[in-house]
Amino acid sequence: MSSVHNKLIILTAPSGSGKTSITRFLINKYPQLSFSISATSRSPRAGEKNGVDYYFMSVEEFRKKIDEKGFIEWEIVYEGKYYGTLKSELERIWNEGKVPMLDIDVQGAVHVQQKFAGDCLSIFVEPPSVEELKRRLSSRGSETPESLATRINKASYELSFNHHFTKTILNDDLDKACAETEQVIKEFLGW
Ligand code: 5GP
């Protein structure tokens, strides 16, 4: 068994904080890290592929997986939309001798952290301000006024969770935030 078996890294933050950009940077740089593909019942956005960005499922398929105890954690992150980390996904990555990187919401991150305590590095990516978060989410062009308002409301609440995690990284400059995250991960994995 590889020495990284059961280790995992969580990047968590309110939507729009830049955690996905940081995750992509690290995965492209280090082949030993592997993106944990979550399951979701939301519809794919333009350009998103099943089995790459998410495992897209119907609500029925998702609920069936819950009943089969197929998830490490799952949440209804936004109104009626399920998101979850599959046990089979973490096993797939560990079996390749790699470390999974989970890009998940704050509640999910709290649950995974409790389950994997000593084997888990959890990083909270903090946006400079709620105003900046709003600007970033608006510029994505993928949000309706309603979904934008939902994400901003949730973000304000999630920002109060920053002290629950191993490290907090301020993302006021993406290159700097990537470099800091890289350093924290290298220390955790003893690289
Ligand atoms: P999006 O719809 O923008 O892809 O993701 C919405 C939110 O759901 C993001 O904060 C994302 O990190 C989170 N998310 C994605 N996958 C999972 C998961 O497996 N579990 C949980 N709890 N949250 C997830």
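# Exercises on the ligand site and the pockets

The lining of the largest pocket is made up of twelve nonpolar, 14 polar and 15 charged residues. The model is predicted.

**Exercise 1.** Describe the largest pocket by its volume, its lining residues and the elements that supply them.

Solution.
- Step 1: the largest pocket holds about 1,100 Å³ of space.
- Step 2: its lining comprises 41 residues, and those nearest the centre are T20, R24, R45, Y54 and D103.
- Step 3: the elements that each supply at least two lining residues are α1 (19-29), β2 (33-35), β5, β6, β7, α5 (130-140) and α6 (145-158).
- Step 4: α1 provides the largest share of this lining, with seven residues.

**Exercise 2.** Locate the ligand, then name the residues and elements around the ligand.

Solution.
- Step 1: the ligand takes up the space that is the largest pocket.
- Step 2: two or more residues of the shell around the ligand come from each of β5 (71-78), β6 (81-86) and β7 (99-104).
- Step 3: β5 contributes the most to this shell, namely four residues.
- Step 4: the ligand has 17 residues around it, and S38, R42, Y54, E73 and Y83 come nearest.
- Step 5: by class, the shell contains five nonpolar, four polar and eight charged residues.
- Step 6: Y54 is thus listed twice, among the residues nearest the ligand and among those nearest the centre of the largest pocket.

**Exercise 3.** Which atoms of K19, E73 and T85 lie close enough to the ligand to count as polar contacts, given a cut-off of 3.5 Å between N or O atoms?

Solution.
- Step 1: for K19, a polar side-chain atom is 3.1 Å from a ligand oxygen, within the cut-off of 3.5 Å.
- Step 2: for E73, a polar side-chain atom is 2.7 Å from a ligand nitrogen.
- Step 3: for T85 the backbone is involved, with a polar atom 3.3 Å from an oxygen of the ligand.
- Step 4: the ligand taken alone exposes 510 Å², and the protein buries 94% of that area.

**Exercise 4.** Describe the second largest pocket by its volume, its lining and the residue classes found there.

Solution.
- Step 1: the volume of the second largest pocket is about 220 Å³.
- Step 2: 14 residues line this pocket, with R42, Y78, E143, S147 and R151 closest to its centre.
- Step 3: β6 and α6 each give at least two residues to the lining, and α6 has the largest share with four.
- Step 4: the lining divides into two nonpolar, five polar and seven charged residues.
- Step 5: R42, one of the residues closest to the centre of this pocket, is also among those that come nearest the ligand.

Conventions: Residues are numbered from 1 along each chain as its sequence is written. This is a predicted model: local features need pLDDT of at least 70, side-chain atom pairs count only at pLDDT 80 or more; totals for chains, interfaces and linings use all residues. Side-chain values use heavy atoms; hydrogens and water are left out. A residue is near a molecule or strand if one of its heavy atoms lies within 4 Å of it. A polar contact is a pair of N or O atoms within 3.5 Å; within protein, one must be able to donate a hydrogen and the other to accept it, and residues adjacent in sequence count only if both atoms are side-chain atoms. Accessible areas come from the Shrake-Rupley method with a 1.4 Å probe; for residues, only the protein chains shown count as cover. On a 1 Å grid over the protein atoms alone, a cavity is a set of points where a 1.4 Å probe fits but cannot get out, and a pocket is an open set with protein on both sides within 12 Å along at least five of seven lines; lining residues have an atom within 4 Å of a point. A molecule sits in a cavity or pocket if more than half of its atoms lie within 2 Å of its grid points. Ala, Val, Leu, Ile, Met, Phe, Trp, Tyr, Cys and Pro count as nonpolar, Asp, Glu, Lys and Arg as charged, and the others, Gly among them, as polar. Grid points are joined across faces, edges and corners, and a volume is the space filled by probe spheres set on the points.
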